[in-house]
Structures are given as C-alpha cells and as structure tokens.
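Visitor: I'd like a walk through this one, residue by residue where it helps. Can we put it up and start?

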Amino acid sequence: MKSIVLAATAAALLAGNCLAQSYIPFSYPDAAGGSTFLTGVRGVSGGPSDQVYISGVYTPLGSADTQGLMYQGSITTNNGSWYTLNYPGDGAETITSTALYGPNNLGGGVRVVGSYKTSGSSADIGVMYEGPVSGIGGTWTKLQAPGSINTIAHSTYGDLAVGNYDTQLDEGRAFVYTISSGMFSDLTLSGITPTSWSAYGIWQNPNGSYTIAGGFSVEPSVTGLDQGYIVDYDAATGLSSNFRAYNFGDNPVTSVVSHFDGITSDGNGGFNLTGDWIGVGEPVESGLGFFAQVGRNPDGSFSEAEWLSISYPGEGNGPTSGNTVYENYVLGIYVPDGGVTQGYVATVPEPSTYALLALSAVGLGGHVLRRRRKSAKVA
C-alpha cells in the first residue's frame with residue numbers, strides 16, 4: 001500500500017499538480033457576502049510560531065469601494081481577531097477606498113502599507129500606517145512618488161517600503177521608500193533596463209541587506225510584466241546585485257507571464273516565494289498561483305527555483321492567486337464556482353519532503369520535482 005501511495009504522489013507531482021498538503025478557506029467573517037483578498041503576512045513577536053499579522057482588502061457586496069483589513073491570530077485556524085483599517089484622510093479629501101498590503105511586525109504594533117482612492121478619481125495614492133493592529137491611536141503617512149499618477153506601496157521591512165508608481169499608464173516603475181528619511185528612489189535591476197517593472201515583496205537579511213522580488217518586462221507587452229525576478233538591495237548605496245530572472249517551471253515558452261508577489265526566508269539562507277503565472281499550451285493550467293524555493297549559490301548568487309503549482313481544490317473553481325508567503329504557508333485568493341472572491345491558506349510540504357519523494361520516485365523511473373531548463377540569469 002505504501003508503494004502505491006508513493007507512486008500516486010509521484011504521478012501527481014510529475015503531472016505538475018498542486019502539492020499543497022491542505023487548503024483552508026480564510027476570509028473576513030463579517031464580509032456578509034463581500035469579497036476578501038489576502039495580500040500580506042508577517043509573524044507576530046513572541047508566542048506560538050503560527051501567530052501572524054495578515055493584511056488584506058475587503059469589498060462589501062454590491063460596492064466597488066474597498067476597505068483595508070488586518071488580522072492577528074493563528075495562520076491555520078482563522079480564529080484570531082479581524083479589523084477594518086481605513087485611511088481617515090486629512091479632511092481635505094473624501095476617501096472612498098483603502099487597500100492594505102505587506103505588514104511588518106514592530107514589536108507590539110504593526111506597520112502596514114497600501115493605497116487609497118478619493119471621490120471622483122481612479123488614481124491610487126500610497127499610504128503607510130503604524131500602530132496597534134486595531135487602528136486605535138495609530139498614525140498614517142501619505143506616500144506619493146514624485147511625478148506619479150498612481151502610487152501603490154506593496155510591502156515593508158526594516159527601514160524600507162517597496163511598491164510601484166506610474167508616470168504613464170503603460171509603463172510602471174518600482175520604487176524603494178526609505179522610511180527614516182522619507183525619500184523615494186527607483187529600484188534599478190542590475191544588468192538590465194526594463195520597460196516596466198514592479199516591486200511586490202521585500203525581506204531583510206541577517207547582514208542588514210535586503211532582497212526584493214517582483215516582475216519586469218524588457219519589451220512593451222500586453223501585461224507589462226513577463227518574468228519574475230529577485231535581487232539583493234543595499235540600502236546604504238542604493239545599488240542592487242545578484243539579479244536573476246525566473247519563469248514558472250523554468251519554461252519561458254509555456255509560461256508567458258510570471259510574477260513574484262511575496263518572499264520570505266526559507267530558514268537556510270534562501271527564500272520561499274509565491275506569485276502568479278499565465279501559460280499557454282497543454283495542460284491548460286494558466287492563471288494559477290505557485291510556490292517557489294530559491295537557494296543561494298556559494299558565490300552569493302541565486303540558484304534555480306523549485307516550483308509547485310497552487311490551485312484551490314474544487315471542480316468549477318476559478319483562478320487561484322499566490323499573493324503572499326510565510327514559512328511554508330501560501331496565502332491568496334480563489335473564486336468559488338458562481339461565488340465571490342475568497343481568501344485561502346495553503347500548507348506546502350517542507351523541503352525535506354521533496355527530497356524523500358524524489359528518492360521514492362527514482363525507482364518509478366521519474367523525477368518528482370522537475371527543474372527543467374535553467375532560469376535566465378542576467379547580470
């Protein structure tokens with residue numbers, strides 16, 4: 001029986017099916033028929049390791065306006081506390097929508113970034129909140145990149161926040177915002193000159209440097225973002241290094257769009273990432289989320305990625321996105337058959353499980369976890 005189970009598991013892996021051990025719905029309980037989007041996650045200081053802050057966006061049923069969401073509690077049970085957290089404005093604007101992304105633990109409080117909209121305008125204006133997760137007594141800061149028509153802050157860690165801004169609608173730019181100085185700067189991708197690029201996830205390394213993840217394109221395209229990337233960033237000099245580009249499954253032919261949305265440490269000097277991909281050909285699995293593990297080579301560069309597809313189970317469900325990642329948990333959204341957008345948490349096997357499955361599959365004449373062709377490296 002054990003060999004049959006291993007064979008079935010290996011067959012599913014070889015077919016590229018999702019590998020998450022479990023999926024649970026994870027939505028704002030007071031949504032009353034509205035949509036929940038999970039956008040970011042960070043661990044809470046002290047206490048059990050499953051305690052997290054989760055940021056999100058709530059869209060009430062029948063409304064086009066959004067509200068910011070914050071959750072504090074277990075990542076596996078959804079039995080924590082939920083709060084709506086909305087930018088109050090300065091009295092000179094009528095705020096219609098707030099969206100929150102990428103929280104960071106401040107040790108007794110939270111810093112979270114995002115954007116807001118005002119009445120009569122479709123433009124996004126960046127914003128940052130610092131204080132209790134409940135929003136009581138916290139402070140808000142407006143973040144608007146110079147010369148921008150849209151600014152969205154996506155993630156924050158240490159003294160930095162990263163995000164995107166537009167000076168024209170068909171070309172996005174990634175920014176790095178230094179919180180202590182209040183200064184914006186463009187994120188440069190060492191070795192390439194993209195036409196459009198994003199910064200969605202940031203992680204601070206033990207040596208004080210940062211690693212940033214997102215997507216880019218070097219040619220005008222329909223989406224503007226064709227490949228995912230990770231890059232190291234030195235906050236003191238503003239220089240990036242160790243840039244590496246990735247396509248889902250290491251296959252740029254079948255994966256026409258790949259984008260990293262979240263990044264976290266894998267505990268071994270590398271990173272776990274999540275994001276979305278759009279593909280062509282058979283089998284048709286485009287518009288899904290993914291989990292990727294990237295290590296460090298001896299020279300400090302990034303290794304090839306190990307890829308796992310993420311798709312919320314259930315016949316008839318619509319697209320699944322991978323929006324953020326914490327340890328071996330992927331968080332995002334899915335669309336139930338005939339329903340509205342909901343959040344989920346997927347548990348991904350530990351890397352040691354990959355190795356055991358790979359060894360078990362040797363006798364089956366296959367490799368459990370495909371590496372396929374090497375990712376493009378431009379430096």
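Visitor: Where is the place of Asn 242?

Guide: A word on the ground rules: this is a predicted model, where local features need pLDDT of at least 70, side-chain atom pairs count only at pLDDT 80 or more, and totals for chains, interfaces and linings use all residues. Numbering starts from 1 along each chain as its sequence is written, and side-chain values use heavy atoms, with hydrogens and water left out. Strands here are DSSP runs of E, at least two residues, and helices are runs of H or I, at least four, both numbered from the N terminus. On that basis, Asn 242 sits in strand β18, residues 239-246.

Visitor: Is Asn 242 buried, partly exposed or exposed?

Guide: Buried means under 20% relative accessible area, exposed means over 50%, and partly exposed is in between, using a 1.4 Å probe and protein chains only. Asn 242 has 28% relative accessibility, so the class is partly exposed.

Visitor: Which residue's side chain does Asn 242 join in a polar contact of 2.8 Å?

Guide: Contact in general means heavy atoms within 4.5 Å, and beyond four places in sequence Asn 242 touches residues including Ser 190, Ile 230, Arg 296 and Phe 302. A polar contact is a pair of N or O atoms within 3.5 Å; within protein, one must be able to donate a hydrogen and the other to accept it, and residues adjacent in sequence count only if both atoms are side-chain atoms. The partner is 10 residues apart along the chain, with 6.0 Å between the C-alpha atoms. Its name is Asp 232.

Visitor: How many strands are there in the protein chain?

Guide: The chain has 379 residues, 51% of which count as buried. Of contacts between residues at least 6 apart in sequence, 49% join residues at least 24 apart. Next to 2 helices, the number of strands is 25.

Visitor: Which strand pairs with β11 over 8 bridges?

Guide: Two strands pair if DSSP finds at least two bridges between them. β10 and β11 run antiparallel and are joined by 7 bridges, with Ala 153 standing opposite Gly 163. β11 itself has 7 of its 9 residues buried, so the rest of the structure largely encloses it. The 8-bridge antiparallel pairing, in which Tyr 165 faces Arg 173, is with β12.

Visitor: Which residue takes a positive phi near 60° in the hairpin of β10 and β11?

Guide: That hairpin has 2 residues between the strands. The residue with the positive phi is Gly 158.

Visitor: What about Ser 148: buried or exposed?

Guide: Ser 148 lies in the loop between β9 (139-143) and β10 (150-157). Its side chain has a polar contact of 2.8 Å with the side chain of Thr 151, and one of its side-chain polar atoms lies 2.8 Å from the backbone oxygen of Ala 145. Farther along the sequence, it touches Tyr 165 and Asp 166. At 13% relative accessibility, Ser 148 counts as buried.

Visitor: Which strand does β4 form a hairpin with?

Guide: β4 (residues 67-74) is mostly covered, with 6 of its 8 residues buried. It pairs with β3 in the antiparallel sense over 8 bridges, Val 52 standing opposite Gly 73. The hairpin has 6 residues between its strands, and Asn 78 in the turn has a positive phi of about 55°. The hairpin partner is β5.

Visitor: How many residues does the largest nonpolar core have?

Guide: A nonpolar core is a set of buried Ala, Val, Leu, Ile, Met, Phe, Trp, Tyr and Cys residues joined through side-chain atoms within 4.5 Å. Those with the most contacts inside the largest include Leu 187, Ile 212 and Phe 260. Apart from it lies another core of 16 residues, among them Phe 26 and Tyr 326. The count for the largest is 36 residues.

Visitor: How many aromatic pairs does the structure hold?

Guide: Rings of Phe, Tyr and Trp (its six-membered ring) pair if their centres lie within 6.5 Å; planes under 30 degrees apart are stacked, over 60 edge-to-face, and the rest tilted. The total is 27.

Visitor: What angle lies between the planes of Phe 216 and Tyr 229?

Guide: This pair is edge-to-face, 6.4 Å centre to centre. Phe 216 lies in β16 and Tyr 229 in β17, so the pair ties together parts 13 residues apart in sequence. Both residues are buried. The angle is 65°.
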